[in-house]
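Biologist: Could you take me through one part of this model in close detail? I would like to start from a single residue pairing across the two chains and then see what lies around that part.

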Amino acid sequence: MADCGEPDGPDNKDNITRSKNEGKELTKEEKQRLRKQKKQQKKQKERKDEKGPSETEKEKTPVSLLPPRPVATQKAPSALPAPASAPIPVPASAPFHSSPTPSPADKPAKSKAELKAERRARQETDRASKQPGSSSSSIKTKAPLSELNPVVKRLPEHVQVDDPAVVKRLAKKLERQQIPLRSDYGYKVSLFSHLHQYSRKAPLTQQLSIPSTVIHPSIVRLGLQYSQGIVAGSNARSVALLHAFKQVIRDYTTPPNEELSRDLVNKLKPYISFLNQCRPLSASMGNAIKYIKKEISNIPSQCKEEEAKTKLLQCIDRYIEEKIVLAAKAISKYAIEKISDGDIILVYGCSSLVNHILCEAFEKSRKFRVIVVDSRPRLEGREALRRLVQRGISCTYVLISALSYILPEVSKVFLGAHALLANGYVMSRVGTSQIALVARTFNVPVLVCCETYKFCERVQTDSFVSNELDDPDDLMVTRKGKTQLENWQDVSSLGLLNLVYDVTPPDFVDLVITDLGMIPCTSVPVVLRVKNLDQ
Amino acid sequence: MPGADKEADLTERIEAFLADLKRGGCGTGPIRGSGETARETTALLRKVTAQARWSSAGDLMEIIRKEGRRMTAAQPSETTVGNMVLRVLKIIREEYARSRGSSEETDQQESLHKLLTSGGLSEENFRQHFVHLKANVIEAINELLTELDGTTDNIAMQALEHIHSNEVIMTVGRSRTVEAFLKDAARKRKFHVIVAECAPFCQGHEMATNLSKTGIETTVIADAAIFAVMSRVNKVIIGTQTVLANGGLRAVNGTHTVALAARHHSTPLIVCAPMFKLSPQFPNEEDTFHKFVSPHEVLPFTEGEILSKVNVHCPVFDM
């Protein structure tokens with residue numbers, strides 16, 4: 001196995017680079033060969049390094065350098081949260097605080113290879129100790145931990161833009177999947193240097209090579225719609241995503257010698273990376289994707305292809321029906337109980353769910369007035385205004401800076417949410433937290449409407465750690481023919497910040513209306529737990 | 001006749017000033033700063049003092065009161081006009097009292113005592129004629145003018161006491177006083193400024209470009225992001241249009257939100273206001289002093305088909 005790759009080396013490389021340039025998908029064999037080559041190179045490097053000064057190491061591990069043969073040494077591993085997965089790139093320069101029990105003070109500074117060797121050994125022992133019956137004493141204390149899979153939280157890439165190693169890793173992954181990498185644009189405010197900031201004028205699709213058989217055309221179209229803002233709003237995005245996936249499934253044919261369940265999931269991975277590059281995935285989209293992947297992998301292998309495809313399509317339809325359409329109906333039923341005649345209701349931006357509720361309430365002949373609050377630069381409220389006025393609801397329209405003027409006459413505030421986090425915080429369009437704050441000051445009840453499929457297990461306390469930065473050029477405005485910020489790029493100390501989301505603390509929110517009922521904000525983790533048990 | 005010419009000239013100037021006030025206040029937001037208004041008002045009142053015909057302090061005060069009422073009626077939201085008129089009246093009273101020979105402190109004490117004991121109208125009816133009253137009054141008004149010129153600098157000189165290095169400061173919209181304040185501090189300290197543009201007029205943009213030209217690290221954010229970034233802000237420094245008698249502010253739209261957010265995060269809020277913005281008006285209820293401008297800034301006429309069915313509000317000030 002170790003040798004078969006070598007003699008073909010140069011030929012293979014040509015083939016692979018050629019097919020990459022042509023935009024053809026690498027066949028499975030070519031991919032395997034690539035992988036093997038890389039492993040060879042790694043092994044050769046390590047062998048060379050190891051020939052350097054190799055002292056007497058306490059663990060007899062020259063053998064364990066060759067991965068991965070589990071060496072059950074009796075050495076007690078030090079208490080380290082050792083990363084369990086080997087493919088973490090070795091060049092990750094994070095200083096592994098290797099405090100092995102042989103005190104490093106006695107020995108001369110170990111070479112990098114020796115540290116690597118020790119680490120590998122520890123990983124092997126960890127893996128070995130996962131099986132019961134291992135005799136190391138301190139392993140027993142670690143046993144409960146290691147049985148749960150030593151968990152190293154993998155941070156999503158899109159919040160680690162300032163870490164060059166992560167960016168490199170992403171670039172490599174995208175190259176493998178043949179998806180272009182989108183470059184950041186403009187001066188980023190230092191507080192947000194860990195996030196991406198793209199320009200709308202440079203869509204990703206311009207960098208795609210043609211013809212591209214790697215990415216399905218409906219996905220390309222979807223990605224473009226996302227990045228240009230044509231499809232916006234978490235429900236709309238999820239539904240569009242699911243429809244695009246349905247198209248992909250319809251056009252999919254299983255290659256020979258492959259199982260549908262595994263291959264389809266692998267096919268979807270580059271699509272998801274592409275969409276992520278166009279616009280970071282929302283929590284609702286993430287949940288939908290998880291569901292689809294689960295459904296695909298649950299397809300029994302004996303299933304015929306046609307049958308499997310229809311089943312999948314039905315699953316997706318059912319998901320949309322249940323989680324979005326019916327949920328909206330249920331939520332409006334609960335919400336209408338909360339709307340009484342003579343109410344003056346304040347809404348912010350354009351939330352499909354809140355608009356739906358208001359239209360339903362109007363049809364049930366409740367008498368109320370609506371105040372639509374809007375904010376620059378997206379000005380989504382105008383869309384909501386159009387929809388409501390077309391139904392005949394009497395509306396008022398203000399900008400968010402006029403909030404404290406208009407709030408004394410408001411009786412209720414209805415807000416939509418993009419996601420509900422596990423610590424009760426509501427993640428929604430930027431400005432929502434402001435509205436909740438001022439409403440709480442004026443003692444106006446704030447009701448958030450959110451379907452359960454948007455509940456998310458993340459925890460966030462402020463709007464900085466994970467957010468989306470929109471095109472900063474949107475903040476420019478031309479009044480009386482003069483654009484003040486026209487040359488903001490030229491001025492080095494000027495930055496424009498265009499946030500998309502913010503988080504609202506749960507004490508500003510009085511009630512969350514979901515399809516499961518009306519719950520307080522802090523019950524979100526309970527709902528998540530119940531949902532996980534169900535699945 | 002030269003006298004009549006001068007009078008005509010004077011009335012012409014007053015008319016021009018009134019028209020300017022009326023125009024400048026509405027439409028696209030204040031295009032003249034409050035400082036300029038104050039200065040022009042004072043200059044105009046000086047001219048009135050110089051050129052109008054009056055024989056005693058009482059007459060002068062009547063004339064000035066009349067002009068003052070006309071000016072405030074032209075633009076009620078521009079309170080600096082009224083403030084300046086009140087200052088000038090006070091100057092006249094002081095000069096009169098000084099000319100009469102009694103010192104100010106005893107005068108005040110006397111008047112209080114007199115109020116309590118006599119209970120009748122004060123004898124001060126400003127009827128006496130003094131030769132040098134005119135000159136004194138004009139001199140005092142000149143002093144007032146020089147004071148006005150120096151207010152921004154005086155405020156800016158205190159900047160270093162309030163800003164330490166590596167701070168993040170938030171400000172709202174555009175205020176010349178705050179701009180001078182920050183620029184002065186930037187000469188010695190390095191800090192970061194976040195400017196909230198103030199829709200719909202977006203004066204924050206101009207403020208940001210001015211600040212960044214002097215090398216201050218500036219960031220422009222949308223109004224909606226004020227609460228989101230407030231947790232990282234160390235101080236909020238704002239300017240205001242008026243400081244009311246109960247300590248409240250009448251400031252640009254959106255300031256109330258900033259104040260609430262700052263209170264939530266326990267961030268100190270500093271207001272830079274020159275003394276001609278202090279006003280004796282008292283807000284009895286929230287709505288008394290609002291001013292609105294054309295809502296087309298908010299919802300442009302291109303959205304024609306729904307305009308007729310929608311109410312649009314565009315308040316300029318926040319209480």
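Modeller: Happy to! Let us begin with A:Leu496, whose bridge partner in strand S3 of chain B is B:Val220. Please keep in mind throughout that this is a predicted model.

That residue pair belongs to a pairing between two strands. S10(A), which covers residues 494-497, runs parallel to S3(B), residues 217-221, and four bridges link the two strands. Looking along S10(A), you will find that A:Leu494 and A:Leu496 point one way, while A:Gly495 and A:Leu497 point the other way. Whichever way they point, all of these residues are buried.

The two chains also meet through helices. Helix H14 of chain A, residues 432-441, packs against helix H11 of chain B, residues 255-264. Their axes are 10 Å apart and make an angle of about 85°. An angle from 65 to 115 degrees counts as roughly perpendicular, and H14(A) and H11(B) are therefore described as roughly perpendicular to each other. On the chain A side, the contact is made by A:Gln434, A:Leu437, A:Val438 and A:Thr441 of H14(A). H11(B) brings B:Thr257, B:Leu260, B:Ala261, B:Arg263 and B:His264. By type, the residues of this contact comprise four nonpolar, four polar and one charged.

You may also be wondering about cysteines. A search of the whole structure turns up zero disulfides over all chains. Take A:Cys456, which is in no disulfide: its nearest cysteine sulfur belongs to A:Cys450 and is 10 Å away. A disulfide needs the two sulfur atoms within 2.5 Å, so that distance does not qualify. A:Cys456 has a relative accessible area of 10%, and because the cut-off for buried is under 20%, A:Cys456 counts as buried. A:Cys315 is buried as well, at 7% relative accessibility.

Finally, here is the setting for these details. Chain A has 535 residues, of which 49% are buried, and its secondary structure comes to 15 helices and 13 strands. Chain B has 319 residues, with 49% counted as buried, and its secondary structure consists of 12 helices and nine strands. In chain A, 77% of the contacts with a separation of 6 or more are between residues 24 or more positions apart. For chain B, 79% of the contacts between residues at least 6 apart in sequence join residues at least 24 apart.

Methods:
Residues are numbered from 1 along each chain as its sequence is written. Chains are lettered from A and ligands numbered from 1 in the order in which they are written. This is a predicted model: local features need pLDDT of at least 70, side-chain atom pairs count only at pLDDT 80 or more; totals for chains, interfaces and linings use all residues. Side-chain values use heavy atoms; hydrogens and water are left out. Axes are lines fitted to C-alpha atoms, for helices over the stretch in contact, and angles run from 0 to 180 degrees between N-to-C directions. Angles under 35 degrees count as roughly parallel, over 145 as roughly antiparallel, 65 to 115 as roughly perpendicular and the rest as oblique. Contact means heavy atoms within 4.5 Å. Ala, Val, Leu, Ile, Met, Phe, Trp, Tyr, Cys and Pro count as nonpolar, Asp, Glu, Lys and Arg as charged, and the others, Gly among them, as polar. Buried means under 20% relative accessible area, exposed over 50%, partly exposed in between (1.4 Å probe, protein chains only). Two strands pair if DSSP finds at least two bridges between them.
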